[in-house]
Amino acid sequence: MTTKLKFIMPLSIILLLISCGDNSSKSNTEPVVKIIPEPESPINAANASRLLNQLTFGATLEDINYLVEINRKAWLEEQFDLTPSLHVPLIEPFSDREDFWRKYRMAAWFERAIYAPDQLRQRMAFVLSEIFVISEFNDVLGNDPKAVANYYDLLVTHAFGNYRDLLEAVSLSPAMGIYLSMLGNEKPDTSRNIRPDENYAREVMQLFTIGLVELENDGSIKLDENGAPISTYDQATIKGFAHVFTGWHYNGTTEDTWFRWWDNQDLYGTMVPVQAFHDTAEKALFSGVLLPANQTAEQDLKAALDALFNHPNVAPFIAKQLIQKFITSNPTPAYVERIANVFIDNGAGERGDLKAVVKALILDEEAINGHISAPDTFGKMREPILKATHLWRAFNLTTDNEIIDMGWPDYYFNQAPLASASVFNFYRPDYSPPSLKNATGLVAPELQIATETAVTHTSNFVAWLGMWHAFSGDFSEIEEDKRQQLWIDLTEYVPLAESDPRQIIEQLNLILTGDILTTDAIDLLVDYYGELEWAPTHERISNIIFLIMSSPQYSVIR
């Protein structure tokens with residue numbers, strides 16, 4: 001292990017980094033509300049970095065230069081056309097090991113996040129995993145990381161497909177069936193005191209499609225004649241959907257083996273209908289939708305998912321969340337409506353085209369210039385785990401093990417892929433700390449997991465990897481010489497740092513923040529770099545990386 005560098009952050013640096021904001025923060029012009037015109041305007045390095053930090057697992061200098069060369073639209077089309085990088089193939093070779101548990105799934109996730117070429121697809125899958133939530137904190141799923149990875153691959157595969165297809169694939173996934181108890185859900189049987197489980201019926205509406213209240217197409221809440229929000233569904237609606245979602249079980253299940261689920265425990269395929277356990281009575285859903293009696297499980301499922309998919313709430317409900325996850329936590333209503341309209345019709349008459357939706361939200365003028373036109377409201381907090389992937393992508397993660405042994409990212413980031421404590425994800429899209437909400441009415445969803453402990457742990461993680469270049473994925477109970485070593489490789493940055501310290505710091509500013517730090521902040525970092533003349537060059541660089549990545553400017557993607 002590299003000798004640890006003694007490091008104390010001067011208070012003056014902390015105060016100046018906090019006070020040095022975006023150079024464009026004095027603009028007060030109104031947001032522009034048009035889609036980017038043709039021909040496409042060129043993209044500079046700073047904006048390329050911003051875009052990559054919004055849409056991938058972290059900008060690299062190579063990717064910034066490439067994006068500047070080919071521009072936004074060509075980059076997007078390249079990303080859309082790349083073959084999906086799946087997770088299950090990475091963990092399958094380890095599935096027969098006695099220690100086969102979550103660390104292999106987490107290793108596969110980090111492997112794809114850091115090295116996969118289809119970065120936009122991988123980020124989209126991560127976004128979808130925080131909307132269509134399952135969690136390994138379930139007795140069955142917790143014991144089968146391959147099943148959880150298989151569900152994640154479902155999201156990877158459908159990332160740029162049609163939302164209706166995604167909704168059906170999620171609904172029939174055995175992992176989702178287990179997590180929200182649709183699998184094995186039975187029709188009513190008064191003699192056995194059986195009533196259909198309402199879990200999936202409730203969450204498929206509340207979280208996956210229409211939300212709790214009716215929305216205008218711009219995402220604003222519809223009000224009744226008394227000025228109160230209008231509910232999208234009630235208990236009777238939940239009951240109707242619960243009866244729809246009866247009669248589905250593991251692939252291979254028959255009427256005779258329904259109660260012997262262990263005979264057919266296929267966690268990797270698709271759930272199948274067993275008609276004897278499906279409720280064939282008439283079912284009332286919402287807005288006058290009535291499913292007739294005597295339909296099969298497949299017919300009821302298709303009709304119910306069609307009704308959800310075509311509900312007017314779906315377009316603004318999903319459009320706004322995608323904007324929040326990628327671009328800005330507080331999009332203007334006009335931005336939401338433009339993207340919702342693309343969800344409704346991709347220009348060729350297709351509803352729910354996720355590729356078209358993602359393309360539109362990225363190329364929208366508010367996404368491109370919102371940091372200039374609305375500096376006080378534009379942007380979003382960077383999710384903590386994305387700080388790790390950015391560090392490792394930008395500075396060449398190296399490991400001496402066959403996997404990236406990072407089994408408990410939750411400890412450092414208060415989040416881990418498909419490991420939230422509930423179906424409501426790690427944070428809610430409408431979360432706002434009381435002080436922010438009361439003062440501005442703005443939301444900052446990611447701050448829901450930014451506890452003092454979590455922020456400290458994330459900063460410590462950056463320190464371990466940045467300043468000391470090594471990390472033990474197995475924690476302190478393992479003897480030091482047996483711990484896995486992870487480190488970042490700064491070799492390519494050393495010559496530039498030795499010849500021109502200011503230039504290397506400006507380069508780090510570009511890669512990490514999109515060139516947000518002011519000249520005063522750069523000057524202070526250059527001065528501090530000079531004070532470290534006793535340290536090796538790579539350690540001086542790593543200290544600058546740590547300072548930038550610990551700054552508020554880095555924590556907010558703008």
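T537 counts as buried, because its relative accessibility is 13% and burial means a value under 20%. This residue belongs to helix α25, which spans residues 537-549. The structure is a predicted model, and its pLDDT averages 91 over the protein. The points below set T537 in context, from the protein as a whole to its cores and its surface.

**Surroundings of T537**
- Apart from neighbours within four places in sequence, T537 is in contact with V494, A497, E498 and Y529.
- T537 lies in α25, and its buried status follows from a relative accessibility of 13%.

**Overall architecture**
- The protein has 558 residues, and 57% of them count as buried.
- Its secondary structure consists of 26 helices and eight strands.
- When contacts between residues at least 6 apart in sequence are considered, 71% of them link residues at least 24 apart.
- The exposed area of the protein is about 22700 Å², of which carbon and sulfur atoms contribute 51%.

**Nonpolar cores**
- The largest nonpolar core contains 150 residues.
- Within this core, the residues that touch the most other members are F132, F245, L361, W392, F395 and F461.
- For L361, the contacts beyond four places in sequence are L322, I323, F326, I327, Y335, I339 and A367.
- A second core, separate from the largest one, has nine residues, among them V88, F94, Y104 and A149.

**Nonpolar surface patch**
- W101, F137, W408 and Y411 make up a nonpolar patch on the surface.
- Together, these four residues have about 420 Å² of accessible area.
- W101 is located in the loop that runs between α4 (88-91) and α5 (102-115).
- W101 counts as partly exposed because its relative accessibility is 32%, a value in the range between the limit of 20% for buried residues and that of 50% for exposed ones.

**Confidence of the prediction**
- A pLDDT of at least 70 is reached by 90% of the residues.
- Residues 1-37 have a pLDDT under 50 throughout, and the model shows 87 contacts for them beyond four places in sequence.
- Residues 472-483 also have a pLDDT below 50, and this stretch has 13 contacts in the model beyond near neighbours in sequence.

Definitions and conventions:
Residues are numbered from 1 along each chain as its sequence is written. This is a predicted model: local features need pLDDT of at least 70, side-chain atom pairs count only at pLDDT 80 or more; totals for chains, interfaces and linings use all residues. Side-chain values use heavy atoms; hydrogens and water are left out. Patches are made of residues with over 30% relative accessible area and no salt bridge: like charges are joined within 9 Å, nonpolar side chains (Val, Leu, Ile, Met, Phe, Trp, Tyr) within 5 Å. Accessible areas come from the Shrake-Rupley method with a 1.4 Å probe; for residues, only the protein chains shown count as cover. A salt bridge is a side-chain nitrogen of Lys or Arg within 4 Å of a carboxyl oxygen of Asp or Glu. Helices (H or I, at least four residues) and strands (E, at least two) are DSSP runs, numbered from the N terminus. Buried means under 20% relative accessible area, exposed over 50%, partly exposed in between (1.4 Å probe, protein chains only). A nonpolar core is a set of buried Ala, Val, Leu, Ile, Met, Phe, Trp, Tyr and Cys residues joined through side-chain atoms within 4.5 Å. Contact means heavy atoms within 4.5 Å. pLDDT is the predictor's confidence in each residue, from 0 to 100.
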